[in-house]
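User: Please take a close look at how the helices pack in this model, and place that packing in the setting of the chain as a whole.

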Amino acid sequence: MSKRIKLRTLLFGGVMTLLFLVLIGRIYYVQVIDRDTYYAMAKNRWAAAETLTAKRGTITDRNGNVLAMDTIAYNVSVNPRLIDKLGITEEVIKGLTESLGIPESTAREVVTAKNDEGVHFAHRELRNGGWQIEKTLADKLVEFREGLKTELLDKKLGSDTGIMIAETLKRYYPRKTLASQLIGYVSLDREKMTGVEAYFNDRLTGVDGYFRYEKDGARVQLAKGEVEFQQALDGSNITLTIDNEIQDYVEEALREIMNKYQPKNATAIAADPNTGEILAMANMPEYDPNEYWKSPYENMYNHAVGSLYEPGSTFKIATLAAAVEEGYFDPEEKYQSGRYKIPGDTVVIRDHNLDGWGEITFLQGLKLSSNVAFIKLGLERLKAEGLRDYFTRFGFGQKTGIELTNEATGSIRFQYNSEIATASFGQGVAVTAIQQVAAVAAVANGGKLMEPHIIKNITDPNTKTTTVTEPKMVRRVISEQTSRQVGEYLEQVVSDQEIGTGKNAYIEGYRVAGKTGTAQKFINGKYSKEKFMVSFIGYAPVDNPKIVLYIAVDEPNSPNVGGGTVAAPAFREIVLKSLRKMGIAPNWVPEGDPESKEIKVKVPDMKDANISKAKAELKAKAMPFEIVGNGGTVVAQIPAAGSLVHPTQRLFLITEQLNKIPVPDLTGVSLRDALELSSLIGAKLVTEGTGFVVSQKVEEKNGVRIIRVKLSPPIGSDDYVEPDPNDVEETNTEGGDGEGSEGSEGSEGSDGGADGTDASGGSGNADPPDTTEGAPPETIDIEHVGEN
């Protein structure tokens with residue numbers, strides 16, 4: 001018995017010893033051999049981390065107006081498993097529906113979500129309607145969650161409602177639809193993007209930072225624990241070259257075209273011809289990038305750089321410049337208009353006036369947009385090699401290099417005489433709008449092809465360094481002398497109010513050059529006689545160009561309208577407002593009574609308006625004005641509301657009682673308005689000369705203010721007299737920029753078609769043969785049934 005007990009004791013002791021040795025070995029292994037692994041695991045449990053979210057860079061216009069920015073938003077998610085366990089599913093669904101304004105079915109789908117095994121998920125994001133929501137909605141949901149939390153505490157079910165609201169950042173576009181295709185958008189999950197947002201995503205995107213520390217079980221930071229900190233690096237800020245006011249002018253004009261002619265789309269680009277900077281780029285229909293999902297994708301497409309089309313007669317500018325450069329264009333040389341039989345071919349090309357205008361000069365042919373004239377210049381004189389060389393030098397058939405995605409290349413290909421002939425007037429070639437703008441800018445600026453660009457500068461907020469985009473000349477295309485000559489010829493296309501196809505683009509007081517285009521669309525293997533791409537391109541002032549503008553309208557609702565009818569009036573309105581906004585003085589001041597044929601602008605009613613509101617409205621209309629007095633409300637105005645005046649006429653806003661009003665600067669106003677204004681403020685006007693005020697002096701005699709003014713005929717007239725500098729009295733003025741017209745008023749009124757009537761009565765371009773294999777089996781007339 002004793003022996004058995006001893007044996008048991010030894011066995012038990014041996015097992016315990018063995019277990020103890022195993023335990024000691026395990027402890028040794030964990031604490032010595034594999035200590036680093038377990039230490040890392042422990043540190044991971046102690047560690048806590050917070051992500052420091054980097055801000056995406058802002059996008060502004062050239063004047064610092066914000067077009068895209070990051071703003072605080074909130075993301076909503078739920079815990080379906082906990083919500084089901086607490087038995088509050090229906091309450092949560094109702095709360096989400098009412099707080100966020102989402103459909104009940106959407107909330108139910110997320111709150112009751114289960115996996116494939118039928119078990120509720122522990123976490124689901126409310127992507128539809130609960131992602132990147134604004135603070136007002138988040139506050140409503142917080143209020144509901146707090147009420148639900150109170151109910152759960154009363155029932156002793158804890159304080160967790162299963163509803164999570166996390167603060168985040170979202171992309172916000174404060175100007176909404178303004179330049180939307182150009183700027184682009186960033187999707188809610190930041191995975192999809194377009195426009196500048198996409199092209200410069202690497203520069204705009206910042207690098208998130210972090211804050212890591214060690215904590216105890218209550219998540220309190222350990223006093224002597226390790227700490228890691230990495231500052232978030234915000235994305236770079238981008239300044240665009242566009243001017244938001246000029247962009248506004250362009251988009252407003254395009255909206256009017258869309259409303260009046262219901263085209264498929266409309267595109268416009270405004271640029272500084274001297275630097276290549278894009279001042280505005282717009283497409284219609286438009287969309288709001290804040291709610292991009294509500295618009296079809298085609299509304300987001302930037303046709304200005306990504307769409308190819310046959311330009312029609314606006315392309316004649318390149319042929320004209322090449323012919324002038326080579327000495328082939330004699331404006332007084334005559335030719336027989338009407339039709340042209342292609343040598344070695346059976347193709348006959350006709351002018352848009354099928355019978356022609358008889359024997360006319362080449363300059364008349366330009367004004368009338370005669371295709372025959374340009375065939376003679378292109379096919380007969382420049383020939384295929386010369387024509388192709390100049391088209392290539394002007395940048396056609398190659399990307400411009402503008403900093404935007406999806407830029408198309410286009411093509412300039414011709415082999416047969418018929419193809420060379422049609423290419424000379426813009427048919428059978430494929431170009432983009434931005435290529436057209438760059439080429440015409442080269443004609444305007446003295447012959448230099450400038451690389452167009454949309455970025456003015458990029459600033460890194462972390463290093464405080466700014467990278468500026470400098471103007472880049474690609475090559476010289478034509479000489480300065482040729483540039484001047486072509487500008488003078490194109491100016492007559494606009495200024496000739498009898499036969500100029502561009503007469504609806506005429507701006508009284510400014511020298512404007514331009515060309516219309518009405519191109520038949522190539523559909524189902526042939527050129528349509530009902531569907532057209534109509535356009536206008538030009539620049540101003542001719543002697544010192546500050547803006548080049550191209551407008552293209554795809555399929556207006558009538559086959560009887562052309563570029564001179566649809567696009568030229570819009571060009572006129574945009575350019576006038578833009579020049580005034582830039583502070584570009586007119587080349588001359590119109591003569592005669594401002595209420596005669598020179599009327600251009602309808603004066604808005606500013607009486608009783610708050611001064612700040614009046615300023616904003618007049619600046620938006622690009623109408624120069626002067627505040628007279630220090631009051632806060634307009635008590636009177638000169639000229640009166642509804643008056644029709646020249647666009648350069650200043651509007652005086654009277655804000656104080658008559659005896660407190662100082663004498664304003666009258667320089668540039670008519671005698672009639674000077675008399676009216678001086679009478680209104682109780683001053684006596686003494687005049688010398690006729691015309692418009694060029695200088696003034698204010699005196700006071702026996703308590704009466706006397707304004708002595710000198711008047712002179714308009715600048716540029718034979719009777720104009722330079723004012724004596726000693727006669728000019730400095731006067732504090734406050735002015736605005738812009739157009740004074742409302743709606744379509746800005747395109748009313750001057751002689752020669754500014755009323756919007758068609759310059760030539762029709763539309764169309766060429767109808768070339770439906771074959772690319774040499775001469776077709778029978779004679780085909782390429783007819784032009786309207787304005788080019």
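Analyst: In this predicted model, 52% of the 788 residues of the protein chain count as buried. The chain holds 21 helices and 30 strands. Of the contacts between residues at least 6 apart in sequence, 71% join residues at least 24 apart.

The packing of helix H4 comes first here. H4 covers residues 89-100, and its axis comes within 9 Å of the axis of helix H5, residues 104-111, with a crossing of roughly 135°. That angle makes H4 oblique to H5, and the crossing is right-handed. On the H4 side, the residues that meet H5 are Thr89, Glu90, Val92, Ile93, Leu96 and Thr97. On the H5 side they are Glu104, Ala107, Arg108 and Val111. By class, the residues of this contact divide into five nonpolar, two polar and three charged.

H4 also packs against helix H7, residues 135-154, where the two axes come within 8 Å and cross at roughly 155°. The cut-off for roughly antiparallel is over 145 degrees, so H4 counts as roughly antiparallel to H7. This crossing, too, is right-handed. From H4, the contact takes in Glu91, Val92, Gly95, Leu96, Ser99 and Leu100. H7 contributes Leu137, Lys140, Leu141, Phe144, Leu148 and Glu151. The residues of this contact comprise seven nonpolar, two polar and three charged. Val92 and Leu96 of H4 appear in the contact with H5 and again in the contact with H7.

A further helix pair lies later in the sequence. Helix H13, residues 316-325, packs with helix H18, residues 480-495, at an angle of about 130°, and their axes are 9 Å apart. H13 is therefore oblique to H18. The H13 and H18 crossing is right-handed. In this contact Ile317, Leu320, Ala321, Val324 and Glu325 of H13 meet Thr482, Gln485, Val486, Tyr489 and Leu490 of H18. Seven of these residues are nonpolar, two are polar and one is charged.

Leu320 of H13 links this helix pair to the nonpolar interior. The largest nonpolar core has 95 residues, and Leu320 is among the members that touch the most others, together with Leu240, Met281, Phe391, Phe394 and Phe396. Setting aside neighbours within four places in sequence, Leu320 is in contact with Phe329, Leu366, Phe374, Val486, Tyr489 and Leu490. Of these partners, Val486, Tyr489 and Leu490 belong to the H18 side of the helix contact. Apart from the largest core lies another, of 40 residues, with Ile257, Ala505, Val512 and Ile574 among its members. As background, nonpolar side chains in soluble globular proteins tend to be buried together.

One strand position can be set beside the helices. Alanine 519 sits in strand S19, residues 513-523. Buried means under 20% relative accessible area, so alanine 519, at 3%, counts as buried. Its C-alpha is 9.8 Å from the C-alpha of aspartate 554, a residue 35 places away in sequence.

To draw the helix pairs together: H4 is oblique to H5 and roughly antiparallel to H7, while H13 is oblique to H18.

Methods: Residues numbered from 1 in each chain as written. Predicted model: local features only at pLDDT ≥ 70, side-chain atom pairs only at ≥ 80, totals over all residues. Heavy atoms only, no water. Axes fitted to C-alpha atoms, helices over the stretch in contact; angles between N-to-C directions. Helix = DSSP H or I, 4+ residues; strand = E, 2+ residues; numbered from the N terminus. Parallel < 35°, antiparallel > 145°, perpendicular 65-115°, else oblique. Left-handed = near helix turned anticlockwise from the far one by under 90°. Contact = heavy atoms within 4.5 Å. Nonpolar A, V, L, I, M, F, W, Y, C, P; charged D, E, K, R; others polar. Core = buried A, V, L, I, M, F, W, Y, C linked by side-chain atoms within 4.5 Å. Buried < 20%, exposed > 50% of the residue type's maximum accessible area, 1.4 Å probe, protein only.
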